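Student: Please walk me through this chain, starting from its contacts and ending with its disulfides.

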Amino acid sequence: MRTTRLWARAGAVIPLVTAVGCGVLGVDGPDCTDIGAGSGVRLVFDTEPGTTYRLCAGAVCSRSGTGDGQEMLLAVDLPGAAGPKRVAVRFTGTPQDTPGTAAGPAVDERVDVTLDKWQPNGPGCEPTAYQARLGYEPGKGLFRKG
């Protein structure tokens with residue numbers, strides 16, 4: 001008899017522990033992860049050796065080091081961006097000056113983009129960021145990445 005009562009108690013506790021462990025009891029809202037995010041413009045492109053790049057979104061700019069022929073990510077953070085606002089983007093690439101010459105930008109692209117809402121931890125979870133993800137290819141210019 002004693003064994004039967006013990007298993008009866010265990011049988012009642014195991015489903016309760018399983019339900020609590022799976023988030024069924026007493027949970028209001030979505031299950032959220034803890035990925036951080038910031039608002040801004042992100043640009044991925046292939047660099048040309050000996051060229052420096054600059055990305056501006058509104059009045060905020062970011063400059064790269066010298067390109068080495070590899071893919072690069074250049075980002076401009078817009079910490080005050082709240083909502084899907086439009087922002088003017090300018091991307092320039094300037095070859096390093098050779099002594100005695102004044103080189104102008106080899107790349108000079110401009111586009112207006114709308115920042116999209118992004119919740120990396122899922123709908124209803126913080127943080128909420130507003131971003132535009134762009135790419136650049138010679139001959140194609142700046143384009144939306146998705």
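**Contacts, strands and disulfides**

Residues 24 or more positions apart make up 54% of the chain's contacts with a separation of 6 or more, where a contact means heavy atoms within 4.5 Å. This is a predicted model: local features need pLDDT of at least 70, side-chain atom pairs count only at pLDDT 80 or more, and totals for chains, interfaces and linings use all residues. Residues are numbered from 1 along each chain as its sequence is written, and side-chain values use heavy atoms, with hydrogens and water left out.

Student: Which pattern does the chain follow, read along the sequence?
Tutor: Helices (H or I, at least four residues) and strands (E, at least two) are DSSP runs, numbered from the N terminus. The chain has one helix and nine strands. Read along the sequence, the pattern is α-β-β-β-β-β-β-β-β-β.

Student: What percentage of the residues count as buried?
Tutor: Buried means under 20% relative accessible area, exposed over 50%, and partly exposed in between (1.4 Å probe, protein chains only). The chain has 146 residues. The buried share of them is 29%.

Student: In what order do the four strands of the open sheet stand?
Tutor: Two strands pair if DSSP finds at least two bridges between them. In this sheet the pairing is antiparallel. The order is β3-β2-β5-β6.

Student: Which are the edge strands?
Tutor: An edge strand here pairs on one side only. That holds for residues 60–66 and for residues 107–114. The edge strands are β3 and β6.

Student: Which residue in β3 stands opposite Leu55?
Tutor: Strand β2 covers residues 51–57. Five bridges join β2 to β3, and the two run antiparallel. Opposite Leu55 stands Ser62.

Student: Does β1 pair with β8 in the parallel or the antiparallel sense?
Tutor: β1 (residues 40–46) is mostly covered, with five of its seven residues buried. With β4 (residues 71–77), β1 pairs in the antiparallel sense over seven bridges; there, Arg42 has Ala75 as its bridge partner. With β8 (residues 129–137), β1 shares six bridges, and Gly40 stands opposite Gln131. The sense of the β1 and β8 pairing is parallel.

Student: How many residues apart in sequence are the parts that Cys32 and Cys125 tie together?
Tutor: Cys32 and Cys125 form a disulfide (a pair of cysteine sulfur atoms within 2.5 Å), with the sulfur atoms 1.9 Å apart. Cys32 lies in the loop between α1 (2–21) and β1, and Cys125 in the loop between β7 (116–118) and β8. The pair therefore ties together parts whose separation in sequence is 93 residues.

Student: Is Cys125 buried or exposed?
Tutor: Its partner Cys32 counts as partly exposed, because its relative accessibility is 45%. Cys125 has a relative accessible area of 1%. Cys125 is therefore buried.

Student: Is the link of Cys56 and Cys61 left-handed or right-handed?
Tutor: The sulfur atoms of Cys56 and Cys61 are 2.0 Å apart. Cys56 is buried at 11% relative accessibility, whereas Cys61 is partly exposed at 35%. The angle about the S-S bond is 105 degrees. For Cys32 and Cys125, -80 degrees gives a left-handed link; the link of Cys56 and Cys61 is right-handed.

Student: What pattern do the disulfides of the chain follow?
Tutor: The structure holds two disulfides. Bonded cysteines are counted along the chain. The pattern is 1-4, 2-3.
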